[in-house]
Amino acid sequence: MIALLLRDLKLAVRSGGGFGLALVFFLIVVTLAPLAIGSDTTTLTAIGPGILWLGALLACLLSVDRIFGLDFEDGSLDVLATAPIPQESVFLAKSAAHWMTTGLPLTLMAPVLGLLLNLPAPALLAVTIGLALGTPALSLIGAFGGALTLGVKRGGLLLSLLVLPLYIPTLIFGAEAARRAAHDLPYQTPIVFLAAITLFAAAIFPFAGAAVLRINLR
Amino acid sequence: MSIWEFANPRQFMGWSGRALPWVAGLAGLCLSAGLIWGFFFTPDDFRQGSTVKIIYLHVPAAFSAINGYLIMFIGSLIWLIRRHHVSALAARAAAPIGATMTLIALITGAFWGQPMWGTWWVWDPRLTSFLILFLFYLGYIALWAAIDDPDTAADLTSVLAIVGSVFAILSRYAVLFWNQGLHQGTTVTVADGAQQDNIANVFFYPLILSMAGFSLLFISLVLLGTRTHIRARRLRVLFQKEMRT
């Protein structure tokens with residue numbers, strides 16, 4: 001399982017895969033938002049948390065079809081199915097690798113990009129904590145969507161349609177925490193809910209995802 | 001004789017074919033009675049005027065939209081547990097009808113909201129939940145359409161329906177947490193001690209009638225859709241046999 005994780009990490013970093021793509025996309029969203037909306041600092045403070053969350057979510061969505069897609073095409077997934085680890089572990093390892101190559105760098109980038117959006121310090125902290133807690137759920141949900149659309153040729157649109165409704169609770173709580181922090185309100189409740197969603201996703205999606213993988217490899 | 005024998009495709013085609021005209025006829029009867037009563041023989045509300053009559057389409061459609069999801073969920077569960085093809089096909093048939101009902105509820109709601117709240121759309125919890133529900137329906141239908149092998153499609157959509165149901169409930173509460181809205185609370189409770197907030201009986205009886213009509217219409221459409229899917233699958237098998245010979 002750890003070998004698989006390391007393999008996926010290496011593949012993502014070396015082959016110019018999803019690693020840079022998500023980060024650059026995130027950077028583009030955050031750079032373009034003020035250009036599109038206007039550089040008025042109060043407006044930016046008001047919408048900044050939302051932009052950061054939206055950017056992170058879309059950047060995640062951009063790379064989820066790679067989690068299983070490439071391995072399914074070249075047959076590695078079939079080999080993994082015969083490996084002496086359960087499919088649940090394969091799913092978990094692959095979503096963890098996805099998180100480390102998209103969610104984690106996004107979280108680390110968020111405070112810096114938040115400065116560009118004129119966010120106050122508490123909001124920066126809240127966005128960072130929120131992304132750290134929320135992006136694992138995004139990766140797990142995305143991996144589930146990727147597993148669902150394995151057999152579909154060019155399933156990108158379908159994947160987004162399936163995954164977006166599942167992303168909504170995470171987005172709501174994450175953006176709510178950051179918004180409350182920007183107004184100096186206590187933001188513990190949405191953060192706790194965010195952590196709950198991630199734990200819940202980590203509990204159910206390996207099983208649902210593994211079931212889906214088995215069906216697709218049948 | 002166990003209840004599962006009704007799920008045998010041959011049995012199902014038999015009884016559903018006999019039941020369909022009755023259910024559909026009853027649906028038509030309830031709907032026309034409920035709607036005509038509601039539209040022409042109830043007084044105008046003292047504040048909302050005649051726009052209150054949108055309720056006879058809006059509430060039953062919303063009710064059916066949620067029940068449609070329930071049918072989809074139960075059908076998927078039965079398919080995963082007992083692998084009755086009819087239940088998977090019933091879930092498949094329920095989805096487009098449920099999506100249509102969701103759309104009807106959203107559109108009639110917009111027409112009602114415009115004169116009452118002064119806006120076609122607000123990001124109110126109920127409205128947002130229904131939009132999310134609509135997206136779920138679309139994703140489910142698209143997944144069915146995208147996969148060729150019927151058994152794989154049934155399996156994948158069933159898992160999606162179950163995960164989606166969990167997340168639908170989660171979204172509902174997340175949205176409630178997110179925003180307090182303009183939409184009124186539940187006023188159509190059948191067995192509830194708190195009666196003072198409920199709608200008046202003048203409006204209630206035709207509403208119940210049209211809700212029953214919508215439910216019956218929904219059931220008959222699901223039966224019809226399931227029969228169509230079964231026939232399509234039989235045709236497919238026939239074609240495959242012909243190709244082989």
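Confidence in chain B bottoms out, among its helices, in helix 5 (residues 150-178), at a mean pLDDT of 85, and peaks in helix 2, at 89. Over the whole of chain B the mean pLDDT is 83, with 88% of residues at 70 or more. The weak spot to keep in mind is residues 189-196 of chain B, where pLDDT is below 50 and the stretch makes 1 contact beyond near neighbours in sequence. This is a predicted model, and its overall scores are ipTM 0.82 and pTM 0.84.

**Chain B at a glance**

- Chain B comes out with 6 helices and 0 strands, so reading from the N terminus you simply get α-α-α-α-α-α.
- Of its 245 residues, 39% count as buried.
- Take the contacts in chain B with a separation of 6 or more: 77% of them are between residues 24 or more positions apart.

**Where the chains meet**

- On the A side, 20 residues are in contact with 21 residues of chain B.
- Three helices of chain A each supply at least two residues to that side: helix 7 (121-148), helix 8 (156-182) and helix 9 (188-217).
- Helix 8 of chain A gives the most, with 11 residues.
- The chemistry of the A side splits into 17 nonpolar residues, 2 polar and 1 charged.

**The nonpolar core**

- The largest nonpolar core holds 140 residues, and the members touching the most others are I141(A), F144(A), V212(A), L143(B) and V222(B).
- As background, in soluble globular proteins nonpolar side chains tend to be buried together.
- F144(A) is worth clicking on: leaving aside neighbours within four places in sequence, it is in contact with F205(A), A208(A), G209(A) and V212(A), plus V163(B) from the other chain.

**Two helices to look along**

- Helix 9 of chain A has 30 residues and reaches 42 Å from its first C-alpha to its last, close to the 44 Å expected at 1.5 Å a residue.
- That same helix 9 has a kink of about 35° at F205(A), shortly before the proline P206(A). F205(A) is also one of the contacts of F144(A).
- Over in chain B, helix 3 (residues 85-117) has 33 residues and should span 48 Å at 1.5 Å a residue; the end C-alpha atoms sit 46 Å apart, so the two figures agree.
- Right after helix 3 of chain B comes G118(B), with a positive phi near 80°.

**Positive phi outside glycine**

- N118(A) has a phi near 60°, a positive value in a residue other than glycine. You'll find N118(A) in the loop between helix 6 (87-116) and helix 7 of chain A.
- Is N118(A) buried or exposed? Neither, quite: it has 17 other C-beta atoms within 10 Å, and because that falls between the 12 and 20 cut-offs, it is partly exposed.
- R83(B) also isn't a glycine, and its phi is positive, at about 55°. R83(B) belongs to the loop between helix 2 (55-82) and helix 3 of chain B.
- R83(B) has 12 other C-beta atoms within 10 Å, and since 12 or fewer counts as exposed, that is its class.

Note on methods: Residues numbered from 1 in each chain as written. Chains lettered and ligands numbered in written order. Contact = placed C-beta atoms within 7 Å. Helix = DSSP H or I, 4+ residues; strand = E, 2+ residues; numbered from the N terminus. Nonpolar A, V, L, I, M, F, W, Y, C, P; charged D, E, K, R; others polar. Expected span 1.5 Å × (residues − 1). Bend = angle between axes of the 7 residues up to and from the residue. Core = buried A, V, L, I, M, F, W, Y, C linked by C-beta atoms within 7 Å. pLDDT = per-residue confidence, 0-100.
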